[in-house]
Amino acid sequence: MLKIGSAIAVAVLVCATPSRVFSADFDGSKPLLCATIDVHFCDVGEVCYRTLPALLGAPQFMHINFAKKAIIGPHRTAEIRFMEPSEGQLLLQGTELGYAWSVALDTKTGAMSTTLVNREDVFVLFGTCTPS
C-alpha cells in the first residue's frame, strides 16, 4: 500500500510541475517564438474567408522580445506600445503600416490570437508560442 501511495505522490508531482514551469514561460518574462497557423481576412460588407498566413503575407514565425518591447518578424519590427497582464492572458498592442494590432497570449498554454484592423480590413491570426 505504501508503494502505491508513493507512486501516486510522485506521479502527481511530476504531472503538476510542468504546468507551473510552463506558465512562467508565457508571462512576459521570457522571449518567445510564435508561429501563425490560421488566418481569417474580412472586408467591410463581405464574408470573411480563411486562408494560410503566407497567402496574405503574414509572417509564419515572429519573435516577441519583452525586454525590448518588440515583435520581430522576418521583414520588420513592431514596437509593443501597450502591455497588460490579466487573469490567464497577456495583452499586447501597437500600430504598424496603418493598422492597429492586438495580441492576446494565453499565459498557461502559449496560444495566441492576433488582430490587425484599419477602417477597411480586419485580419485575425491564430497561432502558438514557445520560449525561444
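The following dialogue goes through a predicted model and the reasons behind its labels.

Student: How do you know how far to trust the prediction, and what is its average pLDDT?

Tutor: The protein averages a pLDDT of 83. Of the residues, 82% score at least 70. Residues 1-22 are below 50. Beyond near neighbours in sequence, that stretch has one contact in the model.

Student: Why is Thr51 called buried?

Tutor: Its relative accessible area is 14%. Buried means under 20%, so Thr51 is buried. Thr51 sits in strand β2, residues 49-51. Leaving out residues up to four places away in sequence, Thr51 touches Asp38, Val39 and Leu56.

Student: What makes Leu55 buried or exposed?

Tutor: Leu55 has a relative accessible area of 63%. Exposed means over 50%, so Leu55 is exposed. Leu55 lies in the loop between β2 and β3. From its C-alpha atom to that of Val39 is 9.3 Å, with the two positions 16 residues apart along the chain.

Student: How do you know that β1 and β3 pair?

Tutor: Count the bridges. Strand β1 (residues 32-43) and strand β3 (residues 61-65) share four bridges, in the antiparallel sense. Pairing needs at least two, so these strands pair. Ala35 has Phe61 in β3 as its bridge partner.

Student: What joins β3 to β4?

Tutor: Three bridges do, and the strands run antiparallel. Strand β4 covers residues 70-72. The cut-off is at least two bridges, so β3 and β4 pair as well. Asn65 stands opposite Ala70 in β4. β3 and β4 form a hairpin, with four residues between them. Lys69 in that turn has a positive phi of about 50°.

Student: On to the rings. How many aromatic pairs does the structure hold?

Tutor: It holds three aromatic pairs.

Student: Why is the pair of Phe41 and Phe123 called tilted?

Tutor: The ring centres are 4.7 Å apart, which is within 6.5 Å, so the rings pair. The planes stand at 45°. That is neither under 30 degrees nor over 60, so the pair is tilted. Phe41 is in strand β1 and Phe123 in strand β10 (residues 121-131). The pair links distant parts of the chain, 82 residues apart. Both Phe41 and Phe123 are buried.

Student: And what makes the pair of Tyr99 and Phe123 edge-to-face?

Tutor: The angle between the planes is 65°. Edge-to-face means over 60 degrees, so the label fits. Centre to centre, the distance is 5.8 Å. Tyr99 lies in strand β8 (residues 99-106) and Phe123 in strand β10, so this pair ties together parts 24 residues apart in sequence.

Student: How do you know that Tyr99 and Phe123 are buried?

Tutor: Tyr99 has a relative accessible area of 17%. Phe123 has 17%. The limit is under 20%, so Tyr99 and Phe123 are buried.

Student: Which residues form the aromatic cluster?

Tutor: Phe41, Tyr49, Tyr99 and Phe123 form one aromatic cluster.

Student: What lines the largest pocket?

Tutor: 22 residues line it. Closest to its centre are Gly57, Ala58, Pro59, Arg76 and Leu116. The volume of this largest pocket is about 650 Å³.

Student: Which strand gives the most to that lining?

Tutor: β8 does, with three residues. β8, β9 (111-117) and β10 each supply at least two.

How values were computed
Residues are numbered from 1 along each chain as its sequence is written. This is a predicted model: local features need pLDDT of at least 70, side-chain atom pairs count only at pLDDT 80 or more; totals for chains, interfaces and linings use all residues. Side-chain values use heavy atoms; hydrogens and water are left out. pLDDT is the predictor's confidence in each residue, from 0 to 100. Contact means heavy atoms within 4.5 Å. Buried means under 20% relative accessible area, exposed over 50%, partly exposed in between (1.4 Å probe, protein chains only). Rings of Phe, Tyr and Trp (its six-membered ring) pair if their centres lie within 6.5 Å; planes under 30 degrees apart count as stacked, over 60 as edge-to-face and the rest as tilted. On a 1 Å grid over the protein atoms alone, a cavity is a set of points where a 1.4 Å probe fits but cannot get out, and a pocket is an open set with protein on both sides within 12 Å along at least five of seven lines; lining residues have an atom within 4 Å of a point. Grid points are joined across faces, edges and corners, and a volume is the space filled by probe spheres set on the points.
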